[in-house]
Structures are given as C-alpha cells and as structure tokens.
Number of protein chains: 2
Amino acid sequence: MDPYMKVALDEALYGLRKKEGGPFGAVIVKDGEIIARGHNQVISSHDPTAHAEIVAIRAASSLLQRFDLSDCILYTTCEPCPMCFGAIHWAKIPLVIYGATRTDASEIGFDDNLIYEFLAGRATDDQLTLKQSDRDACLQVFKEYMADQTRVHY
Amino acid sequence: MDPYMKVALDEALYGLRKKEGGPFGAVIVKDGEIIARGHNQVISSHDPTAHAEIVAIRAASSLLQRFDLSDCILYTTCEPCPMCFGAIHWAKIPLVIYGATRTDASEIGFDDNLIYEFLAGRATDDQLTLKQSDRDACLQVFKEYMADQTRVHY
C-alpha cells in the first residue's frame, strides 16, 4: 500500500487502541517527507474539532509558521468531513489522498454524510437551529476591514 | 442590539485592529453567561483553522472539559463557513445566532460561499484534487473499532 497512507493508518490504529477518539488518522507530506501526523483526539482532548486532519494541519502550520500549506499533500484514512474539508481549503492544500468514504464513516456511526447533505440543502439538521440578528452592525466591521488599505488578506 | 452579539462584535473589532486575521468574532453562552470568546487569528497564530467560532468552541470545550456543548449557544458575527458549521455540529451546539451572511463574507473576499457550493456539488474547487487509495486497508481499522464493545462513541 501507499507508504504515507500506511503511516496515517498507524496513527488511526494508535488513537483507536488508546481510545483517544474515532478510528481516523492523517499525515501531511512536504517534499516527500512527513512533516506532521495526527489522529482523532476528540475524546482524550475534549475538543470536538480534534479530527485527525485538523490535528495534522495545525501541527504542520505550527511547524512551518504559516497558514498556507499549498506545497503540502494530505493523506487521510477517511474522506474528510465538511469541517476538515473546509480546513483543507483554507490551508490551500492542493491534493488530498483518502482511504474510506463518507458513507463508510456513516456506517460506523459518524455523521459526515448527514452534514454534507445538510450543507447541500438536501437534509435538515434536527440538532441545530440557525437564526440571524444584527446584520447591519456586523457589516460595519466588514466595511472597516475593506477600508483598511494595509489589511493582510488570506 | 443583542448584548451577546455586541461582545462578539467587540472581539471582531479587536482582531481586526490588531491585524490578527479576518473581521470575525464569536462568543459562547451557557446559562446566560459568556464562557468563551474568540476572534479570527488565522494570521497571528499561523493556523488556518483559527476562525472565531473554532477558537471559541475550543476554549469552551477546554473550560468545560468536554466536547459536548449541547447546553451552549454560539453567537457569531458572520454565518459560519462549512468548517465552522461542521465544528458546531460535532460540538452538538443546538442554537447559532449569526450576523452577516456567507454572501456578505464573499463580498469582502472570503471563500465561504464557494466552499458551500463545492460541498453541494454545484461548483468545482480548482484549488483542490481529491483521490482515493487503500480503502480496504482503512476499512480494517473501522472493523476493529466496531468490534470493540468498550468503544466510546461521540
């Protein structure tokens, strides 16, 4: 099998056997070298965002001291959930290699597919209500941002 | 305006003026009290996941020492991007109050809407390629997870 995926799988197995979270692992590769690895730590770290991909992205960004990982490849043992997909996009990672699918994840009890369907407008999320308030006040901050000629965009 | 949104806006303004990241802020409220606040720190922390909502969720989870925030409300100055939406779902937050919309965010140069459209299958993400590899090996770890009768699900 792919040697980078093998390391991501080792991460998944480690986390699973230590009961740190779901059975997922990820590594980030730059110039052929693994620079960061992660496994799901939602349970052990009490952090709902501690998916394998997020853990690996945060570690790689911390190591490189930049949020832009456009020269990196992410290997993950499962298709990223929408949270992780968003993080991959924001990190500008150009290539993701994944193992199991979002449907495989749903079959072992993880909501990935439901979140995808909700975001696509094809399902309702009974768990969550979204309401809008004070849009005009919030837009004022956007205006101040746009008026700042020295702003750093990302 | 809503007093909790006012604090979220103060966070957004603080981050904007300190140039820590995009003009976004969030707070988490439990039993009528603000227990965590956050603003976008993508630039200052070199962390592509450091959106206001993620910063606030991680702070609240760390404070409460649990990933389950189902007794909390999130106030955010802008409709959550898919990454933050996913985090909100995983944290089981039942109510989100937001100010500006994903379209407002796009208008000041943030990709929220593009990511939504891509996840819905209505747009292509020219920045990212996804490929599958070694699904069978990855499914073995899922099987081990399901066979573990003492597993903690989340």
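# Notebook: two chains and a shared sheet

I began with helix α6(B), and I noted that it lies across β3 and β4 of chain A together with β5 of chain B, running at about 55° to β4(A). Before going further I wrote in the margin that this is a predicted model, so that I would keep that in mind while reading every entry below.

**Entry on the sheet.** I next looked up which strands belong to the sheet under that helix, and I found five strands in an open sheet, in the order β2(A)-β1(A)-β3(A)-β4(A)-β5(B), with mixed pairing. I then asked myself which strands stand at the edges. They are β2 (33-39) of chain A and β5 of chain B, and each has a single partner strand, so one side of each is left without a neighbour in the sheet. The twist from one strand to the next averages 20°. I reminded myself that strands of a sheet pair through backbone hydrogen bonds, either parallel or antiparallel. Inside chain A, I found that β1(A) and β3(A), the latter covering residues 72-78, run antiparallel and are joined by five bridges. Across the two chains, I found that β5(A), residues 129-132, runs parallel to β4(B) and is joined to it by four bridges, and in that pairing A:Thr129 stands opposite B:Leu95.

**Entry on one residue.** I picked A:Lys30 to follow more carefully, and I placed it in strand β1 of chain A, which covers residues 25-30. Looking across to β3(A), I saw that A:Lys30 stands opposite A:Cys72. Leaving out residues up to four places away in sequence, I listed what A:Lys30 touches, namely A:Ile35, A:Asp71 and A:Cys72. I also looked up A:Ser70, which is 40 residues from A:Lys30 along the chain, and I noted that their C-alpha atoms are separated by 9.5 Å. How many other C-beta atoms lie within 10 Å of A:Lys30? I wrote down 15, and A:Lys30 is partly exposed because that count falls between the limits of 12 or fewer for exposed and 20 or more for buried.

**Entry on chain A as a whole.** I looked up the elements of chain A and found six helices and five strands, which run α-β-β-α-β-α-β-α-α-β-α from the N terminus on. Taken along the principal axes, the C-alpha atoms of chain A fill a box of roughly 50 × 40 × 25 Å. Chain A has 154 residues, and 52% of them count as buried. Among contacts in chain A between residues at least 6 apart in sequence, 46% join residues at least 24 apart.

**Entry on helix α1(A).** I saw that α1(A) lies across β1, β2, β3 and β4 (95-100) of chain A, and that it runs at about 145° to β1(A). I then followed α1(A), residues 3-17, to its packing with α6(B), residues 135-147, where the axes are 10 Å apart and the angle is about 5°. The two helices are therefore roughly parallel to each other, since the angle is under 35 degrees. From α1(A) the contact takes A:Leu9, A:Ala12, A:Leu13 and A:Leu16, while α6(B) brings B:Ala137, B:Cys138, B:Val141, B:Glu144 and B:Tyr145. Sorting these residues by class, I counted eight nonpolar, no polar and one charged.

**Entry on the other helix pair.** I turned to α6(A) and α1(B), and I noted an angle of about 5° with the axes 10 Å apart, which makes α6(A) roughly parallel to α1(B). Among the residues that make this contact are A:Tyr145 of α6(A) and B:Leu16 of α1(B).

**Entry on how the chains are related.** I looked up how chain B can be laid on chain A, and I found a turn of 180° with a shift of 0.0 Å along the axis, giving an RMSD of 0.0 Å. That is the relation of a two-fold axis. The same surface serves both copies, for 100% of the contact residues of chain B recur in chain A.

**Entry on the contact between the chains.** I noted 74 residues from chain B and 74 residues from chain A in the contact. Which element gives the most to the side of chain B that touches chain A? I found that it is α6(B), with nine residues. That side of chain B divides into 45 nonpolar, 16 polar and 13 charged residues.

Technical notes: Residues are numbered from 1 along each chain as its sequence is written. Chains are lettered from A and ligands numbered from 1 in the order in which they are written. This is a predicted model: local features need pLDDT of at least 70, side-chain atom pairs count only at pLDDT 80 or more; totals for chains, interfaces and linings use all residues. Axes are lines fitted to C-alpha atoms, for helices over the stretch in contact, and angles run from 0 to 180 degrees between N-to-C directions. Angles under 35 degrees count as roughly parallel, over 145 as roughly antiparallel, 65 to 115 as roughly perpendicular and the rest as oblique. Two residues are in contact if their C-beta atoms, placed from the backbone, lie within 7 Å. Ala, Val, Leu, Ile, Met, Phe, Trp, Tyr, Cys and Pro count as nonpolar, Asp, Glu, Lys and Arg as charged, and the others, Gly among them, as polar. Two strands pair if DSSP finds at least two bridges between them. Copies are superposed by least squares on the C-alpha atoms of residues with pLDDT of at least 70 in both.
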